Amino acid sequence: MSAAVTAAGPARPPVNKWLVTISISFGTLMGAIDASIVNVALPHIRGAVGATVQEITWISTAYAIALVLVMPLTGFLGRLFGQKNVYLFCLVLFLAGSALCGVATSLPALVFFRVLQGLGAGALQPTEQAILRQTFPPKEQGMAMALFGMAVMLGPAIGPTLGGYIVDHWHWSWIFFINLPIGVLGLFMVASFVHEDPAIRAANQQMAAAQRRNIDWWGIGLLAVSMSTLCYFLEEGSAHDWFESTLITTCFLVAVFTLAALIIRELTAPAPAVNVRLFRDPVFLSGTVIGGLMFAMLMANMFLLPIFMQELLGFTATQSGIALMPRVLVMMVAVPLVGRVYNKISPRLVIAAGIFLVAYGSWEMSHLTLQSGSGQVVAALAFQGFGFACLFVPLTTIALSNVPKHLLPDATGLNSLLRQLGGAIGLAIFGTLIGHNATIARAGIGAHVTETNPLVQQRLAMVQQGLMGRGFDAQSAHQAALASLYGEATRQSMVLSFDKLFLLAGILFLLVLPLLVFLKYDPSGKVADVHLEA
């Protein structure tokens, strides 16, 4: 295989790495934004299509399931049909799905079109990552992954803010239609400026011949079942009270057994659809796992903080979006800087610094109270923004450092899959813990907030007097004072729940530090001798 990779082929047209980067970043950015932008518009869409609160969640769940089905198959599809062709087809499919979502008038149609969108978006992110790695020279891999990181991390960060602005000022359908002009520009630029390396294309054609002789239908089937059931378990488990639901329990068991069967199948198949042998490389394994944990914390923070600001601090959707922007701006500034110094400072030191910065930002957020203002929130977010920049660039670069160029689409597909699943796991765990911790905190507060407590009696008397001064009779004022006190206790219990979760996120992040010992990187760009091929 190595001979095929290095064999001389017909010269490809001159490649401008910056035009290539801009061309393929449109698709990744749109796919990342669409994973989160819809959540803001769900109440508007629910009224338009006549769906219940539980039914409307399928719009997000269907997209997430379709996304994870395609990601690990990126390398398989790229060898069969050509890397550039797969990217262009998937971008067209994503745009078609976007246009159809915008005109959908029923829930089943909208869910189906979201599946089309997800199937198209699934290959965009890993293909961009692979193309950038193949385009930039070894010494500039850090900058390549910095540019990729800006698209991947900015999408979830600006999606809710952009979605809120669109639904406030236009019709909800524009969260889908906005993709069309950007996508068409991306199509034109990819077709014009992105060209496959002849040596890599020759290697892919050789592997594709083996794939066509031994199509891994069993592997594809097991992948479809395992990822669908696992994603449904993570997306819908909280709404169904997890293992109290027979459906959720069944999905979990099916996911576990089919995932185990998939791994066994792919390790023994003559031409596996998913190259799980890549995890034999400890650098790829540890880098990918840490990346998944990073996205779990990132998505959990992006989920928790807007709720905290809007429901407890009284921020509007626009105000919370503006308060979150400093993290985005810091990441935009820091990511290129980290990419520039990547080859000058040990990646493990940069990652360790990022872990401590994110943990410190989480610790700062664990001190938020009902009196906290946007300044305290912004300071914590700034630390986290710089921390995530220090994490993403070296992790995505070093994780793929031992992977041969012709296997990069396989590796980036698995890398993207674990990031996606990490984010889903983070949302599932922290979303469940909010209510659980609040219940415990409310019970603790309730033990002290009783009518026999002199301080409580004094507070009730003050509130009751004020209400009677506004025209309430004695009995109504007493009941209203009790309700007010109960509401205050509930709010304080929610604050304690959020603070505990922010602190937990920071502690969990610190626990990944031991994994850094496996991140050994050769700055010369030489690929280590690790058997990764099928």
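Trainee: Let's begin with C101. Is this residue buried or exposed, and why?

Mentor: Remember first that we are reading a predicted model. A residue counts as buried when its relative accessible area is under 20%. C101 has 0% relative accessibility, so C101 counts as buried.

Trainee: And C251, buried or exposed?

Mentor: The reasoning carries over nicely. C251 comes out at 10% relative accessibility, and therefore C251 is classed as buried.

Trainee: While we are on cysteines, how many disulfides does the structure hold?

Mentor: For a disulfide, look for two cysteine sulfur atoms within 2.5 Å of each other. Here the number of disulfides is zero.

Trainee: Good. Where is S493 placed?

Mentor: S493 sits in helix α21, which covers residues 474-510. S493 is buried because its relative accessibility is 0%. Look also at A438: this residue is 55 residues away from S493 along the chain, yet their C-alpha atoms are 5.2 Å apart.

Trainee: Now for the pockets. How much space lies in the second largest pocket?

Mentor: That pocket holds about 680 Å³. Its lining is made of 30 residues, and those closest to the centre are L230, L259, L418, L421 and I425. Two or more lining residues come from each of α13 (217-236), α14 (246-268), α15 (282-312) and α19 (408-446).

Trainee: Which element gives the most to that lining?

Mentor: α19 does, with ten residues.

Trainee: What about the lining of the second largest pocket: how many residues are nonpolar, polar or charged?

Mentor: To read a lining, sort its residues by class. In the second largest pocket, 26 are nonpolar and four are polar, with no charged residues.

Key: Residues are numbered from 1 along each chain as its sequence is written. This is a predicted model: local features need pLDDT of at least 70, side-chain atom pairs count only at pLDDT 80 or more; totals for chains, interfaces and linings use all residues. Side-chain values use heavy atoms; hydrogens and water are left out. Buried means under 20% relative accessible area, exposed over 50%, partly exposed in between (1.4 Å probe, protein chains only). Helices (H or I, at least four residues) and strands (E, at least two) are DSSP runs, numbered from the N terminus. On a 1 Å grid over the protein atoms alone, a cavity is a set of points where a 1.4 Å probe fits but cannot get out, and a pocket is an open set with protein on both sides within 12 Å along at least five of seven lines; lining residues have an atom within 4 Å of a point. Grid points are joined across faces, edges and corners, and a volume is the space filled by probe spheres set on the points. Ala, Val, Leu, Ile, Met, Phe, Trp, Tyr, Cys and Pro count as nonpolar, Asp, Glu, Lys and Arg as charged, and the others, Gly among them, as polar.
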